[in-house]
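Colleague: I am new to this structure and would like to learn how to read its features one at a time. Could you take me through it, giving the general idea before each case?

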Amino acid sequence: SKRIYGAPRMDALKRAGELLLVGFDGVSPAEESVAQVLRWVALRRIGGVLLYGRNVVSPAQLRELTSALHSADPTGRLLVAVDQEGGKVQRLCAAKGFSDFPSAREVAERCNPDQAHALYLEMAEALAGARINLNLGPVADLDAEN
């Protein structure tokens with residue numbers, strides 16, 4: 001194999017790990033399950049984490065968790081992902097201290113493009129404020145019934 005000069009050398013485990021996005025149990029860096037994930041992040045064994053509803057209690061708690069995750073990453077490239085589509089699929093919801101967002105279908109039925117843009121900008125700002133940098137919400141949904 002050819003050597004690329006000037007590029008950092010990474011062993012196969014780290015290269016493979018950077019492709020992994022893992023879910024985990026826990027809500028606080030003090031929990032052993034979260035501490036293990038923080039170690040994996042620090043060692044670049046994983047490239048990102050996927051947050052589920054079970055990882056979210058409140059805005060302050062989530063910010064503490066995601067800040068710890070980002071702080072553990074020596075490269076600054078950690079992906080912190082969530083599936084925040086709106087409607088039935090939102091991990092950051094009103095019951096946990098965040099704003100609820102309508103489903104994509106509701107947005108299409110009730111909003112003009114400017115209103116939709118403002119709504120999704122609000123969602124993006126909420127995610128960024130929680131230090132989440134990847135939303136797995138759909139880019140385009142098709143209504144197969146119509």
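Colleague: Let me begin with one helix: against which elements do the buried residues of helix 2 pack?

Modeller: Please keep in mind throughout that this is a predicted model. As a general idea, an α-helix has 3.6 residues a turn, so residues three or four places apart point the same way. In this structure, the buried residues of helix 2 are V34, A35, V37, L38 and V41. Because they cover an arc of only 160 degrees around the axis, they lie on the same side of helix 2. These buried residues pack against strand 2 and helix 3.

Colleague: And what follows helix 2?

Modeller: Helix 2 is followed by R44, which has a positive phi, near 60 degrees. R44 is also one of the residues touched by D73, together with V41 and L78, when residues up to four places away in sequence are not counted. D73 itself is placed in the loop between helix 3 and strand 3.

Colleague: Is D73 buried or exposed?

Modeller: D73 counts as buried, because its relative accessible area is 8% and the cut-off for buried is under 20%.

Colleague: How should I read the largest nonpolar core, and which of its residues touch the most other members?

Modeller: The general idea is that, in soluble globular proteins, nonpolar side chains tend to be buried together. Here the largest nonpolar core has 28 residues, and those touching the most other members are F24, V49, L51, L62, L69, L92 and I132. Two or more residues are given to this core by each of helix 2, strand 2, helix 3, strand 3 and helix 5, and helix 3 gives the most, with five residues. To take L92 as a case, its contacts beyond four places in sequence include V56, L62, V82, F98, L127 and I132, and also Q84 and S99.

Colleague: What does L119 in helix 5 touch, leaving aside its neighbours within four places in sequence?

Modeller: L119, whose place is in helix 5, is in contact with F101, P102 and V107. The C-alpha atoms of L119 and V107 are separated by 8.6 Å, although the two residues are 12 apart along the chain. L119 is buried, because its relative accessible area is 16%.

Colleague: Which residues make the nonpolar surface patch?

Modeller: L21, L79 and L136 make a nonpolar surface patch of about 220 Å². Of these, L136 lies in the segment after strand 6, and L136 counts as partly exposed because its relative accessibility is 37%.

Methods. Residues numbered from 1 in each chain as written. Predicted model: local features only at pLDDT ≥ 70, side-chain atom pairs only at ≥ 80, totals over all residues. Heavy atoms only, no water. Core = buried A, V, L, I, M, F, W, Y, C linked by side-chain atoms within 4.5 Å. Buried < 20%, exposed > 50% of the residue type's maximum accessible area, 1.4 Å probe, protein only. Helix = DSSP H or I, 4+ residues; strand = E, 2+ residues; numbered from the N terminus. Contact = heavy atoms within 4.5 Å. Patch = residues over 30% accessible without salt bridge, like charges linked within 9 Å, V, L, I, M, F, W, Y side chains within 5 Å. Areas by Shrake-Rupley, 256 points an atom, 1.4 Å probe, with all protein chains shown as cover. Salt bridge = Lys/Arg side-chain N within 4 Å of Asp/Glu carboxyl O. Arc of directions from axis to C-beta.
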